[in-house]
Amino acid sequence: MPMITNQPAKIGSYSEDDVLFLLKDLSNIQLEDSTLNREMRVQAGQHYSESLPIEYQPPEEYVDLFWSTANEYKSKVALCVGIVAEQIYRNKGNQTILVSLARAGTPVGILVKRYIKFRYGISLPHYSVSIIRDRGIDENALHYILEKHTEGNIQFVDGWTGKGAISLELTKACQQFEKNYQIQLDDQLAVIADPGHCTTLFGTREDFLIPSACLNSTVSGLVSRTVLNDTYIGKNDFHGAKYYQELLPSDVSNDYIELIAGEFSAISQEAEEVALPREHEEINVEFKGMQDVRTIQKQFEIGNTNYIKPGVGETTRVLLRRVPWKILMRDPSSPYVRHILMLAEEKGVEIVTYPEMNYLCMGLIKSVKGTSK
């Protein structure tokens, strides 16, 4: 087992009572590049985790839209948090250690922790760690957690599922961890929404707008995406991230938590009623989203499935930080896609109505290798 000498960086605008980020602070390093330059480097083979996109600062009307959707769906988000939190607590009880996947998982992990505290009076430990597609999970962070909580039972938490790439990455990482250290971890991911049918621990399988998908760091404790770049991250270091303290005036991270947590007393009975029968139901994991993706990949002649991002949350992110080509929409009149229509118009991206899919929408990324469509 490696010697973990590094300590958690004091980063982020959340209270340490809510979450401890197991990350190395890279705030003083210039890692950002323009979306187009970065896209070209990624498509030329550089791993996306080695650099950062310039943090998109949405215009005022977009922030207004975040708040209007947050207020509109606060009860639904709270209910989905409650349902998944009830399942986690029934499965693992007081031994649960919440480990959210930075950064979209962080606000969800905080909400699950807050719900269990509200409902059962137990304050569970909660950490946020980095997992990176094709690079795996931060093993140093896992060792740190397991050293601190020898009796604990880790529960991984994320925001939502898309194709299931992170679910598969987590399973692979847990298998590797067991092989390397003979420690078995539960690879079942807990999420608010599972439209991709990738897990058995979810609030809903409906593809709906989780408001925290609308913003970047300003709803995730002002923490950047995680970075794994050998220039800055040594063998015994945690994966890295930046703390965007200059964005403090725009930070809504804690306001969002308080807004959703304020609904818990109204939804806790319903959450329990939905969660209870799930213990006896047979819930299938079928990765339905991947089936949709393969069909669309063929139809639109897209070279790589990484250029197809299914679901409301992932489509939002394509528009915020990638170079979008087209947006497919099952139903453009759905209230969950208003912000996507707004962003697509702002960026001049074509909307294609495409009714035959499990998701409400999909974002298609443009190939920028000189042969762009």
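This passage looks at the domains of the chain and at two helix pairs within it.

The structure is a predicted model, so to speak of local features a pLDDT of at least 70 is needed, side-chain atom pairs count only at pLDDT 80 or more, and totals for chains, interfaces and linings use all residues. Residues are numbered from 1 along each chain as its sequence is written, and side-chain values use heavy atoms, with hydrogens and water left out.

The domain assignment splits the protein into domain 1 (20–279) and domain 2 (288–365); these bounds come from an automatic or database domain assignment. Taken over C-alpha atoms, the centres of domain 1 and domain 2 sit 22 Å apart. The two do touch: 32 residues of domain 1 are in contact with 32 residues of domain 2, where contact means heavy atoms within 4.5 Å.

UniProt, in an unreviewed entry, has its own labels. It lists residues 12–260 as "domain: Cysteine protease StiP N-terminal" and residues 288–367 as "domain: PELOTA RNA-binding". Positions are in the numbering used here, feature names are shortened, and such annotations may be inferred rather than shown by experiment. Residues 12–260 come out at 37% helix and 16% strand, with the end C-alpha atoms 20 Å apart. Residues 288–367 are 40% helix and 22% strand, and there the end C-alpha atoms lie 25 Å apart. Helices (H or I, at least four residues) and strands (E, at least two) are DSSP runs, numbered from the N terminus.

Now for the helix pairs. Helix α2 (residues 60–92) packs on helix α3 (residues 105–120) at about 70°, with the axes 9 Å apart. Axes here are lines fitted to C-alpha atoms, for helices over the stretch in contact, and angles run from 0 to 180 degrees between N-to-C directions. That makes α2 and α3 roughly perpendicular (65 to 115 degrees; under 35 is roughly parallel, over 145 roughly antiparallel, and the rest oblique). On the α2 side the contact includes Val 81, Ile 88 and Tyr 89, and on the α3 side Leu 111, Tyr 115 and Arg 119 are among the residues met. The contact residues divide into 10 nonpolar, 1 polar and 3 charged; Ala, Val, Leu, Ile, Met, Phe, Trp, Tyr, Cys and Pro count as nonpolar, Asp, Glu, Lys and Arg as charged, and the others, Gly among them, as polar.

Helix α9 (residues 312–321) and helix α10 (residues 338–347) pack at about 20°, axes 10 Å apart, and are therefore roughly parallel. Their contact includes Val 312 and Leu 319 of α9, along with Ile 340 and Lys 347 of α10. Here the split is 6 nonpolar, 3 polar and 1 charged.
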